[in-house]
Amino acid sequence: MSRDRQYRPRPGLVLDVDRSTPPVLMHHGEQLRLQKLPADRSRIIYPPEPLEPIEDPARAVREALASPVGSDPLSARLFAGMKLTIAFDDVSLPLPPMRRPDVRQLVIESVLDLAADAGVDDVHLIAALALHRRMTDAELRHVVGDRVYEAFAPRGTLYNHDAEDPEAMVVLGTTDHGEEVQISKRAAESDLVVYVNLNLVAMDGGWKSTATGLSGYRALRHHHNPATMTRSRSFMDRHNSELHHSNWRQGEVLRSAGVEVFQIETTVNNDLYGDGPMSVLAKREWEWNVRDRASFMASRAALDRLPAAGRRKVLHGWRAPYGLTSVQAGEVEAVHELTTAQVHRQQLVPVEGQTDVLLFGLPYISPYNVDSIMNPILVHCLGLGYFFNLYRGRPLVREGGVVIMSHPTTPEFNPVHHPSYIDFFEEVLPETTDPTVMAERFEKRYAEDEWYRHLYRTGNAYHGVHPFYMWYWGAHALEHLGGVVVLGGDPATVRRLGYRPASTMDDALEIASDIVGPRPTITYFKNPPLMMADVT
Amino acid sequence: MIADALSAKRIFITGATGFVGTALTERILRCVPESTVVLLVRDGRRRDARSRVEREVLRNDAFDRLRDELGKDGFADMAQRRVEVVAGDVGTDRLGLDAAGLQALSTCDVVIHSAATVAFDAPLDRAVEVNLLGPVRIARTIDEAFGTHGRPVPHLVTVSTCYVAGNRRGAAPEEPVRSNPFFVDIDWQAEVAAARRTRADTDAASRHPDRLAEFAKTARSVLGPAGGPALSERTEQLRRDWVADSLVSAGRSRAASLGWPDAYALTKALGEVALGETLDGIRAEGRRTPTLSVVRPSIIESALAEPSPGWIRGFRMAEPIILSYARGLLKEFPGVPEGIVDVIPVDLVVSAILAAAANPSSSEAPDIVQVASGGINPLQYQVLVDNVRDWFLEHPLHDDHGQPIVVPDWTFPGRGRVERQLRVATGGLERVERIVGNLPLRGRAARWGAQLELRRAAAQRALSYVELYGAYTECEAVYGVDRLLELADLEARGADGVEGSPGPMQLDPRAIEWDDYIPRIHLPSVVKHGRAATTGAKRDPERRANRLRGQVLSEQRHLAAFDLENTLIASNVVSTYAWLAGRRLGTADRARLVARLLAEAPGLLAADRSDRSDFLRSFYRRYEGAPVEQIRADAADAMSDLLLSRSFPDALRRVREHRRLGHRTVLITGALDLVVEPLAPLFDDIVCAEATTEVRNGVEVLTGHLSGAPPTAEARAAVLRELCERHGLDPAESVAYADSSSDLSLLEAVGFPVAVNPEPRLATIARTRGWLIEEFDTARGHRPPLLPLAPRWGRPRQRRRPLDRTAP
């Protein structure tokens, strides 16, 4: 890396916009925009710069496995004749996907080395994807690496979790809140489950890994629902997240049922673009040099001119050069506390006070459209689910405030990955955009639909209920906000989502003023790279 | 006075369901007290004569006035008392009357024969049977009914046409056809025989093997590979149409050769001659004959005042032309600006008929009354055109988009030029349409093809109007109306000889004020009857589609059958094969496979079009030797990569909606069973091509043969019927979705057919039959690769990544 190592990476920044502030870069789906913000009442939150990566990731992993927290070293928990299950995060992490080798590959290879040393030969590798789509062979190969893939996949011991296989799932009990706990039978019957995490945001990891990742609809419905989501403030802040409380309760049941989990959590820095031509996207605008400007203009023009499919191919082909920043291993909860601190170290930006209008430029990717299309429901989920919830303390926008998100929001869908989304868009959204109402009226039908189940199990489709979860993800924001405006969005689609379309920033602010009053304060949450606002 | 003279009489009327007949019946019932009408009406296919009269005559809005006067019950009473119906047909001997019918006729005082085939383009033999022989049969039947008893022979009034005078310039007085100096003396009996022979000859010619082959070829080009029964049906239909068309042109050329504008005028003229000769013959045999009046109207149009201004029945000659003009379809129409269009309102014709009936001639010579305006109150073509143009400029019709249509300026070109222009246009459009019809178009493109067809049909219609009616706008005969004026005078003066208002019995053409009649009375009526869009309200085709959709998705339906290719997915057996065959090949082999298939594509397409069953059988040979397990595993992957990614999400949702409504869902496809297996959860039954297998070297492989006939064309209808029978379901309550005319038998077998992304031929059929048409599209934004190739199998090629920081 050519970045000058004498300097420590700079922390995040809250910039007050004045007349001299240059137009600011904004993602607009698969396109890029430069946007001038009103002076004297706008501020821009910039993410911290990428942390220095660990010099020797493989060694760091070995060390973490050798000296875990709250647990004996992994080697001590492995023995010949045991049933070992290695579960790992699926294709939804990290975003965009990581250049080879993926952190999970490093971890899994180390675990397998230890297992081999201990003479363990009953090892299963499971992509813990819960109700996500099955990963393709190429994706599995990318995550675990060629060596592991070729040793396990042909023997059928490297596979995708199947939450709808009645033979392969087991219910282990119920929490004191009446939540059922369901898990992969293989995991339940294993002597040890090693869970390999990649904690991209603070929501990831902890008991959510096993209690959600290896579970199914029967258990997930207890926390993936509007009531839980509105009480998770935010779901990125584990101690104030009802979603996590519920997962933790289920984890407790897992533990008392005798499921032994050895948790390995890893964090990466937010180096999405490296030093290549894309590096301009991570730079602060006033620091752009001539080359940056030229490469920005060129990328913007190229993206605007490419057909949608071509744009998608280019963008989804990008692999980020993340650097590993920490590895924690051992007991689930202890590990997770350390990991969350590491995530915060990279992502947390202190922000004072809330704003009237919160502005997002939504990028081309979300956890659920890797190598796919960001459909309108995912736009909702990314904006009001993920970005809105990237706060600690209190939301960036005041209650009754407005979110403006910039995204084309075209009614485009991937029929292979998101078949139930298409029907959700055509059947459910015209009827209601209220999470509670749709949960009552439609969720069960979609969740138990035979065709969706078939596509989830045999194809590469998200589970039938998944679009509902995506909608619930925004439940807290929907309750909190006074209105949502989609800047540059397809008007009919935006209206179907229950939002208001605007073609220019001025129009969007005008619409927002109708809701929050004249001359509102504006905060632009310049994400990605990912960050989290610590709002006081 | 007419009413007095006819009161309490029994009046026998033929042609009561026609335009003049309805007005005549109404006038008699309303204005001639205590009279009785005896209506000769054919038994319909579904209704007997009496109920036809109820529905087709008495319910017509002509009777609204009388109904209002008498009240609903009073009207019914009156009809019961004064309207008698006898079943019969002027096209058969003795008018097809039974004894009771003859009895009813024998008590009548007046017989009015107004039945005619007024279509100008009737087949020759049909025109001869009705127009020529009709009056002869009337005369003979009257002779039979009255010959034996002593009652006075009735007065016979026949309705003919001014155009019996033929194509001539100058005066055409009210004289018998034979007295016409331009009449070519021909033997009407020979014409009858010739017409009947022409029918027999034409029919024989239509059955010649070459011609039958031609019909079959045309049927195939219209329907595509629709299967044997559908093709035979269409072939036979084409043969019958060909016979009818040939007889139409035979009629037209025969008429032209003798100096008449068309077969209608010719047969009417010969009818008058034949009637005269028949009566002479009866007289020569010493029997009594009726006194005869012949009423010859010119072009009859909507009513001036009676029963209501503008009343009209059916579509007459001028209306389609006027509407085509107003819709902008007819840009030119031949004619001479100063020429005279001889138009006469129907109520004047009715009055003239009744006046003739009330004033029988005292001699044996027929009393001839011409009802025409040209001689005394001429309407110049220019005036008519100006009036029409002005009116439509003020009251424009609107197109489908709700936009007003601006009517074109008429330049009065010669007939030859207009016909030539239209022929060129029609021919050109036909050629383009044929080409488009052969292109593998779908959905929107096919709809564009259907538009082309609409345009062609419009041009063709315009051409037929010009061919049919052009002669009339160029006819420069002036019809004498001396006798008519005499009758008008009589009626106006009344019994007491004092001149008064003619009342409802107006029969003087001078009463028409053209500048008032055309814009105020006639055109509004034409527009109303033409159901033309007169407001800018956009017609919403979605409303109709939604209604049909509601019927399709009703709980009452039993079963929903789906085709696969282009109905549920945008793919075909060749793509599937390419995907499966290329799945485990290296790059070079894949390229070869693709190149080979592309080279074969035109041949495959042609084979598919000529016989789908044969095509499938021969194509599936390519699977010979393929290991079953491998194909099955790959087919599961093909489900995502090939089927689902090219699927129409709306179509899949529709299948599921049917399931949810409790309908039995069926997939009927020529695709291979192994390939469609992953679709099983959508359907209760899958009927497809079943591959046979054998064990070679210990491995189960496909033989490349099918275990039975693949369900294609008419076999699909059979499959559907069999399924319905097996499960106790009703095909009439079932739905079928398909995209191509080769599925016609399937679509026709159910009560609720749906054309999905129809190819042009099916689009045409679906539109004319009013079927629901669905445009299902692949998911927006998702572009499956152009070539149906599987993702690379096995280990991906390693690319060197300079930024990889660590090696495993």
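Q: Helices (H or I, at least four residues) and strands (E, at least two) are DSSP runs, numbered from the N terminus; how many of each does chain B have?
A: Chain B has 27 helices and 19 strands, and its C-alpha atoms fill a box of roughly 125 × 55 × 55 Å along the principal axes. The model is a predicted one, in which local features need pLDDT of at least 70 and side-chain atom pairs count only at pLDDT 80 or more, while totals for chains, interfaces and linings use all residues. Residues are numbered from 1 along each chain as its sequence is written, and chains are lettered from A, with ligands numbered from 1, in the order in which they are written.

Q: What confidence does the predictor assign to chain B and to the complex?
A: The per-residue confidence is pLDDT, which runs from 0 to 100, and chain B averages 83, with 92% of the residues at 70 or above. For the complex, the predictor gives an ipTM of 0.91 and a pTM of 0.77.

Q: Where in chain B is confidence lowest, and where is it highest?
A: The lowest value falls in helix 15 (residues 443-474) of chain B, with a mean of 71, whereas strand 12 (residues 559-562) of chain B has the highest, at 95. Over residues 798-808 of chain B the pLDDT is below 50, and this stretch has 15 contacts in the model beyond near neighbours in sequence (a contact being two residues whose C-beta atoms, placed from the backbone, lie within 7 Å). Where pLDDT is low, predicted coordinates should not be read in detail.

Q: How does one compare a helix with its expected span, and what does helix 10 of chain B show?
A: The expected span is 1.5 Å times one less than the number of residues. Helix 10 (residues 263-284) of chain B has 22 residues and reaches 31 Å from its first C-alpha to its last, close to the 32 Å expected. Helix 10 of chain B is mostly covered, with 16 of its 22 residues buried (20 or more other C-beta atoms within 10 Å of a residue's own, against 12 or fewer for exposed and partly exposed in between, with C-beta atoms placed from the backbone). After helix 10 of chain B comes Gly286(B), whose phi is positive, near 85°.

Q: Which residues other than glycine have a positive phi, among them Arg94(B), and how is its environment classed?
A: Arg94(B), with a phi of about 55°, lies in the loop between strand 3 (83-87) and helix 5 (99-106) of chain B, and it counts as partly exposed because it has 16 C-beta neighbours inside 10 Å. Asn757(B), with a positive phi of about 40°, is placed in the loop between strand 18 (752-756) and helix 27 (760-769) of chain B, and it counts as buried because it has 26 such neighbours inside 10 Å.

Q: What angle do helix 6 and helix 9 of chain B make where they pack?
A: Axes are lines fitted to C-alpha atoms, for helices over the stretch in contact, and angles run from 0 to 180 degrees between N-to-C directions. Helix 6 (residues 124-147) and helix 9 (residues 228-258) of chain B pack at about 65°, with their axes 7 Å apart. The two helices are therefore roughly perpendicular (65 to 115 degrees, where under 35 is roughly parallel, over 145 roughly antiparallel and the rest oblique).

Q: Which residues meet in this pair of helices?
A: Leu124(B), Asp125(B) and Ala127(B) of helix 6 of chain B meet Leu247(B), Ala250(B), Gly251(B) and Arg254(B) of helix 9 of chain B. These residues divide into 4 nonpolar, 1 polar and 2 charged (Ala, Val, Leu, Ile, Met, Phe, Trp, Tyr, Cys and Pro being nonpolar, Asp, Glu, Lys and Arg charged, and the others, Gly among them, polar).

Q: How many residues of chain B are in contact with chain A?
A: On the side of chain B there are 24 residues, in contact with 33 residues of chain A. Helix 22 (628-643) and helix 23 (649-660) of chain B are the elements that give two or more residues to the chain B side, and that side divides into 11 nonpolar, 7 polar and 6 charged residues.

Q: Where are the cis peptide bonds of chain A that involve Pro96(A) and Ser234(A) placed?
A: The bond from Leu95(A) to Pro96(A) is cis, with omega near -15°, and Pro96(A) is in the loop between strand 5 (83-88) and helix 2 (103-118) of chain A. The bond from Arg233(A) to Ser234(A) is also cis, with omega near -5°, and Ser234(A) is in the loop between helix 8 (226-230) and helix 9 (242-256) of chain A.
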